[in-house]
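Good morning, and thank you for coming. I would like to take you through one structure, beginning with its backbone and then turning to its ligands.

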Amino acid sequence: MRRILTFFAIFFTLEMIILNISNHTSEVEISIAGGFSVLCSIFFYLMSKRYEQEKNILNDKERQLASIIEQNSALICSLDLQGCFYMVNPTFRQTMGYELGELINKPFSMLLVEPKEFKTQNSLKMAYYGKSENFEATVRHKDGRHLFLGVKTVPIIIGNKIVGIYIVAKDITSRIIANEELRATREQLESIFNHTADGIAVYDLAGNIIRTNPAMCKIYGWEEDEFLQGKCTFIPEGLRGETSKLLQVVQNGGQVTGFETTRQRKNGDLINISLTLSPIRDTKGRVVACAGITRDITEKKRTEELLIRSEKLSAIGQLAAGVAHEIRNPLTTLRGFVQLLQTSLPNQNHYFSIMLSELDRINLIVSEFMVLAKPQAMKFEAKDPVEMINNIMTIVNSQAILNDVQIRMEYEPNLPKIICEENKLKQVFINVLQNAIEAMPNGGSIEAAIRRENTSIIFQFIDHGCGISKERLAHLGEPFYTTKEKGTGLGLMISYKIIEDHQGKMRISSKIGLGTTVEVILPIYESILSTQMSSNYS
Ligand SMILES: Nc1ncnc2c1ncn2[C@@H]1O[C@H](COP(=O)(O)OP(=O)(O)O)[C@@H](O)[C@H]1O
Ligand SMILES: [Mg+2]
């Protein structure tokens, strides 16, 4: 433009000079021509001045624009029609770790972690078709690190033609990582919430449950919906005041830890729980809800009680052993005097022999009691099975007689010995016989038998009591499984363990209403010896 204007200015000045030189023109013509020439010069001068001004204004705008791009905290670059860098601002270079020379004329796709990823490809393509797009892209820093960018593409249009695209991006790596951490933490918490054995419930400030986890439903037997609708009466009536006081503590910002109390299951059973309550606050620190963790401690409480009971029994047992020892001395004296009297009063002989046999019986019971009560070191010995059963019969019989139960015993002659820890096995047989007696509250009979089968001795006890249902049979041997008001539910569990330690087996079959058969199968002494010898010499 400037060149054209200058050209016209020179052209008219030259024309004026030529006209001046030629003498063919009149003075008036000359003066008109001269005036016109001056006017033209002024016009062109003004035009060129205006052009200069406009150019300066344009330069200012360009500089402003360049400054906006240069100073911008966003990553800005322009791509040519081939998708190669044409301009890259400092933020872009610093964020990506590249020098300008390393990027110019290189394809933008070299920065993408997945250059062929459809969404990114499509968004870039749309920009070249004139449509601005927003998308997220994962790019690789020069040092290999992955960065996440929030990208906006803008087409560059000059004279209705797209000549390239601008990319304006923001580094959103920290936001994405924070979001990912938030998601991971949330997932962990959800997993704990859903899989912990402790019941968790969230209460609003009015004390209504607004969320529960599966364990809460398992502990109480109510469904989540029932909890949310406030239909559950899991807090026993007498304890409602106590619970609202606890919630009050939390609403005031306090915490309740491991508070032991009682709750009610849907089926009416009472359970012991340990309750921990803590406040849930909003961003301003105000308490908006309360989280309650319920731990079912019924089993723990029961174990504690059993421990206390067994501790008491063992103390009494020790005392009784001492008392039994004391009884034996006077018994010996009594026996001696009865014998003496027997010789001096021969016609009363019948009574004396009854007295003597009764005294012997007392002595036997006391001796057996002392053996059982005495804590003994683990000692496996070869024992006669018949003798062992006969010994415990002296103790069990008295309980049987009280319950109107007769115990009949049968055994094969010349049974071999079994290797065992006598006291432990006696504990098993006592429990089995006691269970049989307790299964017949109105009396009845028990058939006990001992026989040999190949390399084993089988102890069989048949009662005609209440029997055990199929479902219950599956639970036998589980700790604390009892159907008796004063039962421990430990007898069979301990029995199974003892028999297992003796390399034996326990079989229980039962028919409800008909009775139960318990079989204890133990290896005989010789069979153990021979297997030991064969394994020693093999
Ligand atoms: N002979 C039996 N007849 C009927 N039920 C039995 C018999 N033996 C065991 N049971 C059942 O097995 C349960 C567990 O027995 P056990 O472990 O000895 O504990 P406890 O006798 O303290 O209940 C009993 O409560 C009873 O229901
Ligand atoms: Mg029992």
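Let me begin in the loop between strand 4 (146-158) and strand 5 (161-171), where Asn160 is placed. Please bear in mind throughout that this is a predicted model. Most residues other than glycine have a negative phi. Asn160, however, has a positive phi, near 65°. Its side of the picture is completed by accessibility: with a relative accessible area of 79%, Asn160 is exposed.

A second residue deserves mention here. Asp404 is not a glycine, yet its phi is positive, at about 60°. Asp404 sits in the loop between helix 12 (385-402) and strand 12 (405-411). Its relative accessibility is 48%, and Asp404 therefore counts as partly exposed, since the exposed class begins over 50%.

I turn now to ligand 1. Which residues are closest to ligand 1? They are Thr482, Thr483, Lys484, Thr488 and Leu492, out of 20 residues that surround the ligand. By character, this shell divides into 10 polar, 8 nonpolar and 2 charged residues.

Several polar contacts can be named individually. The side chain of Thr482 places an N or O atom 2.5 Å from an oxygen atom of ligand 1. For Thr483, a polar side-chain atom is 2.4 Å from an oxygen atom of the ligand. Gly489 takes part through its backbone, with an N or O atom 3.0 Å from a ligand oxygen. As for burial, ligand 1 taken alone exposes 540 Å², and the protein buries 93% of that area.

Which helices each supply at least two residues of this shell? They are helix 13 (422-438) and helix 15 (491-501). Helix 13 gives the most, with 3 residues.

Helix 13 also brings us to ligand 2, the magnesium ion. This ion is coordinated by the OD1 atoms of Asn431 and Asn435, at 2.3 to 2.4 Å. How are these two residues spaced along the helix? Asn431 and Asn435 are 4 residues apart in helix 13, so about one helical turn separates them.

Are the two asparagines buried or exposed, or in between? Asn431 has a relative accessibility of 14% and therefore counts as buried, the limit being under 20%. Asn435, at 23%, counts as partly exposed because its value lies between the 20% and 50% limits.

To close, helix 13 supplies residues to the shell around ligand 1, and Asn431 and Asn435 in that helix coordinate the magnesium ion. Thank you for your attention.

Terms used
Residues are numbered from 1 along each chain as its sequence is written. Chains are lettered from A and ligands numbered from 1 in the order in which they are written. This is a predicted model: local features need pLDDT of at least 70, side-chain atom pairs count only at pLDDT 80 or more; totals for chains, interfaces and linings use all residues. Side-chain values use heavy atoms; hydrogens and water are left out. Buried means under 20% relative accessible area, exposed over 50%, partly exposed in between (1.4 Å probe, protein chains only). A residue is near a molecule or strand if one of its heavy atoms lies within 4 Å of it. A polar contact is a pair of N or O atoms within 3.5 Å; within protein, one must be able to donate a hydrogen and the other to accept it, and residues adjacent in sequence count only if both atoms are side-chain atoms. Accessible areas come from the Shrake-Rupley method with a 1.4 Å probe; for residues, only the protein chains shown count as cover. Ala, Val, Leu, Ile, Met, Phe, Trp, Tyr, Cys and Pro count as nonpolar, Asp, Glu, Lys and Arg as charged, and the others, Gly among them, as polar. Donors are N, O and S atoms within 2.8 Å of the metal (3.2 Å for Na, K and Ca); water is not among the atoms, so sites may look incomplete.
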